[in-house]
Amino acid sequence: MTSKLQTLPGVIIAGFILLFVSGAFSALLLHSPDFNFSALWVDPYYRHVTVFSFYQSFLSTLLSVGLAIPVAHALSRRSFFGKELLLKLFAATLVLPVLVGVFGLLSIYGNSGLISQLLAFIDYKLPFSIYGLNGILLAHVFFNLPFAARLLLQPLQSLPVENHKLSVHLGISHWNKFKLVEWPCLRQQLPHVCGLVFMLCFTSFATVMALGGGPKSTTIELAIYQAIKFDFDLQSGALLALWQMILCGTLAVIIQRLSRPVALTSGATLSAPVPFCDSKPARYWDTLWISAVAVLVIPPLLMVFINGLNVQFLTVVTDTVFWSALKNSLLVALSAALIALIAGVLILITSRSWRLIGLQFRADKLELLGAIILVTPGLVISTGIFLLLRNVTDVFSLALLIVIAVNALMALPYVLKTLAQPMLHTAQQYDKLCTSLGMSGFSRFYLIEWRAIRLPIVHAFSISFVLSMGDLSAIALFGSQDSTTLPLYLFQLLGSYQMESAAVVSLFLLMLSVALFALIEKIMVKNHVVK
Amino acid sequence: MIKFCSVKYLYQKEQFNFDIEIDTGSIVAVLGASGAGKSTLLNLAAGFIDPLSGDIQIAGESILNVQPYHRPLAMLFQENNLFAHLNVADNIGLGLHPGLKLTLEQKAKVEEICQQVGVEKLQTRLPHQLSGGQRQRVALARCFVQNKPLLLLDEPFSALDPILREEMLAMVKKLAARHKVTVLMVTHHISDALNAASHYLFVDQGQVSSAGEISRLNCENPNPSLRRFVQAGL
């Protein structure tokens, strides 16, 4: 059943990825010829940057996951009006263009944000500044708490309903139920969730860039960018990039060890309400947490809508820079998502046919190769490619192509994660039947996969699209006057404090993401009707 | 013992209407097609759902406003009767104290019931390290340490093989006699009812359409749907 024709495309794709990454990697090696890793500890700036990266990731993880536990717990047992919408928003915060989220947070907690304006009425000044560690933590919690809560909600919802009935029947109190029933089931998931959130915060780029506010709050990721873009210190850039790669690699290995695979379902999962002994304190407790998280997540997004329609609207939309940024963004997002999807599907076709004949190990390795970007952050790859092509050609003329390639690579793990299970299942179900009917190649993909698992395929595409649309880390190095994307344009506006124009651009970025998800929703509904 | 007085319940436009009286010490088999309302009957008694109207009494007292865990009954489900991450002894111990703070006396009681159901060597195991039959024994043990006068069984043995099922039913019968417990058991199998029960209830379209002593559960029963049910099951 495993013909070469079937497995070859996936292997070729994997070869390309390997070539691309190792090209970038060797460029980094060539530019740090003395491997002066001791400098990373001797030099106080490098040391500070490394320590701060760990420090902020640690605090962000602690806050995000720690607070996500009571939120997930409250959500698991309450049903209320708008719960579905809230869970959808939760799913959105992670794929939301980072700078849009940052803009929303700025317009509430910023120096001229809503809170400081309200305080000004009673002649108070904002007691904190959003720039620096405060802002980084706030933004990381804003992005990751809902994500963590969603991940933790899954094991809670997978508890059999009999367990809830038994708890009621045996009179197990809230605290005892949490301790004896819910916590053990959360605990299995926690290391993995903590690992994921830590990794996301550790490699977070746009947030730190927009809210870091100075060398005091700089992470390794940002230091790479600054070394290359502002100091033209290619050696330091390369050294830091290698350092980041080593740290991320180590973290990824640790997470792999800690984890059991989490199947992330798309959209909101709603199960039937579970029976439990309710009481007034319990109701207050749950209401407190659910309102708190709603207050964290909803207002910043709302502010993006409210602020977006301002006097600058016409100025921005009549500006050619805006239109070229929009065009570039759409081009990058569309191409990157298509490439990621095609590459992902081809890799999975190969890996699943290996799996079916028992070559698990080989299949695992192939899929791991597709997710290599998790070990080598986008900025690190971009740095490598930048150094590699710098001597050969004018890198800025190829900017968009490189950005597309890097973004496709960054989206690939999401595609693989979303499609691995469904693709394998359809193969397990239909492979023999397809072979006996002589179905193969594209027509088989169209008739079997596209018809049967269109939902996850479309979902994978839209996630890739929105991620690439909002990404700043790949374009940051290559961006120039001719090749701006919306996130970069937004960043430049934020950097020069043109808040009103920034608001308009944020609104556009948000609307494009929302529009895409709404479109998918429509396809999903249509699909359900067909069923 | 337990009495349903014109208990009405509505679930997604399906009407349920129960009027039942069960005597102390009897083992009552609740029979009926899938979706007829057998589990609804048990869920009403256990307090997982509340009736629209009517009254449910145990030993002459209404239990409608009594919290589920204060009701004088123990319950066993078809599956997931045990908490997956707690070992056998802890799972049984939950029947004695819902926070697992057990006295020495209570610990001895766990030990004793483990011997009675034959799982004394498995006390430190987790549920997934047990066979299906062993898991239900442990769950049954918990029901009996709860020391309640009424036991509700919601098809707990239907996934087991016929020999094991017979064994388990014999055990229920033995323990019920020893602990003086009244049993209400939902089952699909006519043979289970004939083996273990003293009485039967036949639930049809949301109400009890026939009830009586187990000897009347045969092909000559005047109720036509029960006749068909028995014929198909024998």
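How many residues do chain A and chain B each bring to the contact? The contact takes 17 residues from chain A and 23 residues from chain B, where contact means heavy atoms within 4.5 Å.

## Basis of the model

This is a predicted model, in which local features need pLDDT of at least 70 and side-chain atom pairs count only at pLDDT 80 or more, while totals for chains, interfaces and linings use all residues. Residues are numbered from 1 along each chain as its sequence is written, chains are lettered from A and ligands numbered from 1 in the order in which they are written, and side-chain values use heavy atoms, with hydrogens and water left out.

## The interface of chains A and B

Between them, chain A and chain B bury about 1,900 Å², with 67% of this on carbon and sulfur atoms; buried area is the accessible area (1.4 Å probe) that two parts lose on being put together, summed over both. Three residues, His169(A), Leu170(A) and Leu180(A), supply 34% of the area that chain A buries against chain B, more than any other three residues.

Five residue pairs, both at pLDDT 80 or more, are in polar contact across this interface, a polar contact being a pair of N or O atoms within 3.5 Å, of which, within protein, one must be able to donate a hydrogen and the other to accept it, and residues adjacent in sequence count only if both atoms are side-chain atoms. On the side of chain A that touches chain B, helix H8 (161–170) and helix H9 (174–202) of chain A are the elements that give two or more residues, helices being DSSP runs (H or I, at least four residues) numbered from the N terminus. H8(A) gives the most to that side, with eight residues.

## Salt bridges

Over all chains, the whole structure holds eight salt bridges (a side-chain nitrogen of Lys or Arg within 4 Å of a carboxyl oxygen of Asp or Glu), whereas the count between chain A and chain B is zero. One salt bridge joins the side chains of Asp286(A) and Arg78(A) at 2.7 Å, N to O. This pair links distant parts of the chain, 208 residues apart, with Asp286(A) in helix H13 (residues 280–308) of chain A and Arg78(A) in the loop between helix H3 (44–77) and helix H4 (83–95) of chain A.

## Lining of a pocket

The lining of the second largest pocket divides into 14 nonpolar, six polar and four charged residues; Ala, Val, Leu, Ile, Met, Phe, Trp, Tyr, Cys and Pro count as nonpolar, Asp, Glu, Lys and Arg as charged, and the others, Gly among them, as polar. A pocket is an open set of points on a 1 Å grid over the protein atoms alone, where a 1.4 Å probe fits, with protein on both sides within 12 Å along at least five of seven lines, and lining residues have an atom within 4 Å of a point. Helix H1 (4–31), helix H15 (320–356), helix H18 (399–437) and helix H19 (441–452) of chain A each supply at least two residues of this lining.
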